[in-house]
Amino acid sequence: MGQPAARVHDAETEFGDPDQVRGLQWSKLEGIIQRTYETNPFYRSVWDAAGVDIASVRSLDDFRLAIPWVDKSMFLADQVANPPVGTRLSTEMDPREALEYYTTSGTSGRGSELHAQTTSEVAAMVDMYRYGFTWAGLSAGEKMALTLPITMLAGGRVEYQAAVGFGMSVLPIGNYDAERKLEVIRQFAPTSLFGSTTYFAHLAAVSEEPVSGSSVRTLLTGLEGVGLSYVQRLEEAWGAKAFDRFGCAQMRADFLFSCEHGFGSAKSPGVLHAIDPFVLVEVLDPVTGLQVADGEYGEMFVTSLYHRDTPLIRCRLYDGGIYRAAGTCACGRAFSGIEVGTIGRTDGVKKIKGINVYPQAVDKAVFSVPGVEEYHIRLSSRGEADVAQVTVMLAEDMPDSEIGKAEAVAEALRHATGLRFDVVLGSVEHSEYKVARWTDERSRD
Ligand SMILES: [Zn+2]
């Protein structure tokens, strides 16, 4: 296989000098910090409490040292203390522009965060997505099917706006069931699907005719980290090439995108590039708090360089991954990023039988077994002991699929975690979004 041809949206920054990109970042950030301090009571109180002297913050390095991070628990506390929206959305109190409102699903039980952005911020967001769409080989005027539902969640809505803004003919099929989604795909013949990774596999599995014969040539995957072998099977099933992305509710957008190399290969894994002119992604050592070096694991802290009215400044995501420095991807871009398939929650580690288990390692292990479509893990107690049971759903189109599969999954899990899981075959619920794969019913004292 030859190298994919470079697809370039903005040659000057993509293939320019990384120092110049950092200069551009600071020139945008400087004004945002000043304006935020003057207009946003939430950030002002956080910075005042940390004793920040805004006038002395004169470079990206000063910024990293002086400005404290914020996180969703602080956003929620602000909402509770100052209902209903908190002091963070000061634009809401002085509206000069229409606002797009979003809530989070609030599955943690601590309530759902409220986020908003202005029409002009949405327009800037569209410019950020242009990089990702261009790198995936899409062109304005093409048809795209969006498989995420349109709801109060940011996921789905922002993808819709980004794709429409880029000039795609977007088919919003997310609110339909799988069968109707497939019908629309057959009827309108879109060239791309935009949604979440495992849902594309689900669509392929439930389709009566092989989807490899469909019009779809590009899969814009996301919302979940999966291993390379899973993606390769997905690409094969659709006869399409996959390009990944990563975003979060706090940013109200995706801000990491695959370049033309997609997921890459085992020898040369793809990079999810930060769109550096629009977002400052710091990848910090969990112990020292310092930026990690190329190839090292760190936790992401995100600052938006285009939200001037509803700022997001040094937001701790509790998501980590392997940092890739500017210029280290096979494409040679001056944008930094995260190695594809390495992103996972830093606060999601499960302790099972005294051993720390990373959900992303379990994802990788289970999905490495061919024929596995979805899975769910239930943790329970038997006396003092933890019991870990995994229900594995196999793709329907494999007649001999059950033979040896339970053993193969158990062996993959034992190899990845050192633990014995009870494996049963059964059916598991699907989601167009991120799938909730863990239930913890263990008794605690
Ligand atoms: Zn690249």
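Which residue in the turn of the β18 and β19 hairpin has a positive phi?

## The hairpin

The residue is Gly383, whose phi is about 65°. Two residues lie between β18 and β19 in this hairpin. Strands here are DSSP runs of E with at least two residues, and helices are runs of H or I with at least four, numbered from the N terminus. Two strands count as paired if DSSP finds at least two bridges between them.

This is a predicted model, in which local features need pLDDT of at least 70 and side-chain atom pairs count only at pLDDT 80 or more, while totals for chains, interfaces and linings use all residues. Residue numbers start from 1 along each chain as its sequence is written.

## The sheet as a whole

The hairpin strands belong to an open sheet of four strands with mixed pairing, in the order β20-β19-β18-β21. At the edges stand β20 (422-425) and β21 (438-440), and each has a single partner strand, so one side of each is left without a neighbour in the sheet. From one strand to the next, the twist averages 20°; axes are lines fitted to C-alpha atoms (for helices over the stretch in contact), and angles run from 0 to 180 degrees between N-to-C directions.

## Strand by strand

In the antiparallel pair, β18 (residues 372-382) meets β19 over 10 bridges. One of the contacts links Arg382 to its bridge partner Ala385 in β19.

Now for the parallel pairs. Four bridges join β19 (residues 385-394) to β20, where Asp422 is the bridge partner of Gln389. Three bridges connect β18 with β21 in the parallel sense, and Leu379 stands opposite Asp440 of β21.
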